[in-house]
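Q: Got a minute to go through this one with me? Let's pull it up.
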Amino acid sequence: MNDLTVALGVFYLMDLEMRKTTLDVGILYSTTGSYAAVGQSMSAGAHLAIAKINANPDEAVTLRPVVIDPKGIPSAYADAVQCLLLDHGLTHVFGCYTSSSRKEVLPIFEKNDALLWYPSHYEGFETSDNIVYTGAAPNQHIIPLARHLLTHHGNRGWFVGSNYIWAWENNRILREALLEAGGSVMGERYFAVGDIDLEGLAEQIVHDHPDFVFTTLIGESSYEFIRLLRAASEKAGIDQARNLPIASCSLSEVELPKIGSCAAGHLSSSVYFSTISSQENIRFTAEWDQSYGYLGRASADAEAAYISVHLLARAVKKARSSDFSDVRNAVRGLKFAAPQGLVTVDPDNLHCYMRPRIGRSTMDGTFEILHEDPAPVRPDPYLVWANIGDLDLKQTAPRLKVVK
């Protein structure tokens with residue numbers, strides 16, 4: 001390579017860099033508070049994607065994050081969004097984990113023509129033109145989990161959750177599934193986010209001995225409940241993991257170290273696990289381990305945040321604009337080769353096609369994948385066409401169709 005060739009190459013790269021637009025974006029995750037482990041993983045996933053995009057001269061934007069930590073306080077999210085949209089003049093914000101925080105800020109995004117990029121599995125029954133949903137919809141996690149539980153564990157469940165919309169709606173969906181299959185809900189209790197006074201609850205569940213326990217507890221409440229149920233089961237001579245399994249739609253890799261010696265043997269329904277075998281995931285987990293391995297293994301929440309940042313960058317490049325309406329139109333139908341596999345934004349509801357999976361936690365901080373659908377599933381936030389499917393149920397014929 002002669003000096004002229006080198007000079008032309010350097011000039012070309014400089015030209016591409018000069019054509020990149022700098023775009024300030026909000027990062028709104030609770031990296032402190034009762035569900036800090038999940039918030040930290042989401043923030044890390046977003047920052048990992050931002051670093052890759054900024055380092056790539058072929059991208060159309062350089063992203064500059066403006067970070068606010070709402071500390072897990074629902075009302076703090078609204079103040080933070082007001083600050084990001086009005087004081088900083090931003091249009092795009094990556095953020096929120098709980099549905100209560102999303103509901104809190106949604107009117108502000110709609111009023112100010114801005115987009116929330118929401119990377120969390122959630123309970124559905126919502127579609128907004130001001131949110132791009134990159135986490136699993138209910139037909140991509142709760143319905144597959146219902147199929148798995150009815151097929152492999154039975155139809156008598158005990159439900160426990162954190163007291164907000166995520167738990168209420170997911171429990172309602174699973175309750176209807178069990179009842180339609182001839183099963184029952186033996187008990188159902190809710191607790192404030194962060195409540196760890198759960199010993200009496202664990203003893204009651206062990207006494208009732210359901211076929212499975214479905215938990216929608218989050219953060220510290222979830223970790224303490226799992227430890228207490230394991231202890232109460234051992235005291236009663238029950239192999240909890242085998243005979244009283246805990247099932248969840250949110251338990252993830254970064255939370256397993258928080259549970260300690262009781263971390264193995266729990267079911268989780270998700271669209272991503274760090275043990276997925278693909279070239280994209282091998283690259284993603286290697287980069288994650290190098291930069292954020294101290295948080296635990298890569299998780300669904302981290303990957304969903306990673307996807308959301310890449311989708312914004314692609315939409316800006318496609319639209320040749322970062323304006324709200326241009327980006328919203330450009331993101332419809334966009335595809336991204338994510339660590340979990342191909343992800344496509346549904347042009348109608350701004351949720352994503354994703355592949356449901358069921359995993360069982362292990363002591364090395366990962367999940368053994370027990371089941372995965374053969375292809376990505378179209379998001380159905382209102383469960384209009386989702387159904388339990390053709391099951392060979394243990395005690396009753398398959399007949400559920402959830403329509404709301």
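A: Sure, one term before we start: buried means under 20% relative accessible area, exposed over 50%, and partly exposed in between (1.4 Å probe, protein chains only). This is a predicted model, where local features need pLDDT of at least 70, side-chain atom pairs count only at pLDDT 80 or more, and totals for chains, interfaces and linings use all residues. Residues are numbered from 1 along each chain as its sequence is written, and side-chain values use heavy atoms, with hydrogens and water left out.

Q: OK, is cysteine 262 buried or exposed?
A: Buried, since its relative accessible area is 12%.

Q: And how many disulfides are there?
A: Zero, searching the whole structure (a disulfide being a pair of cysteine sulfur atoms within 2.5 Å). Take cysteine 96: the nearest cysteine sulfur belongs to cysteine 83 and is 15 Å away.

Q: Why does cysteine 96 count as buried?
A: Because its relative accessible area is 0%.

Q: Switching topic, what about tryptophan 385?
A: Tryptophan 385 counts as partly exposed because its relative accessible area is 37%.

Q: Now cavities. How many of 30 Å³ or more?
A: Five. A cavity here is a set of points on a 1 Å grid over the protein atoms alone where a 1.4 Å probe fits but cannot get out; lining residues have an atom within 4 Å of a point. The largest has a volume of about 100 Å³, the volume being the space filled by probe spheres set on the points, which are joined across faces, edges and corners.

Q: Which residues are closest to its centre?
A: Of the 18 lining residues, His121, Gly135, Ala136, Val271 and Ala300.

Methods:
1 Å grid on protein atoms, 1.4 Å probe; cavity = no way out; pocket = protein on both sides within 12 Å on 5 of 7 lines; lining within 4 Å.
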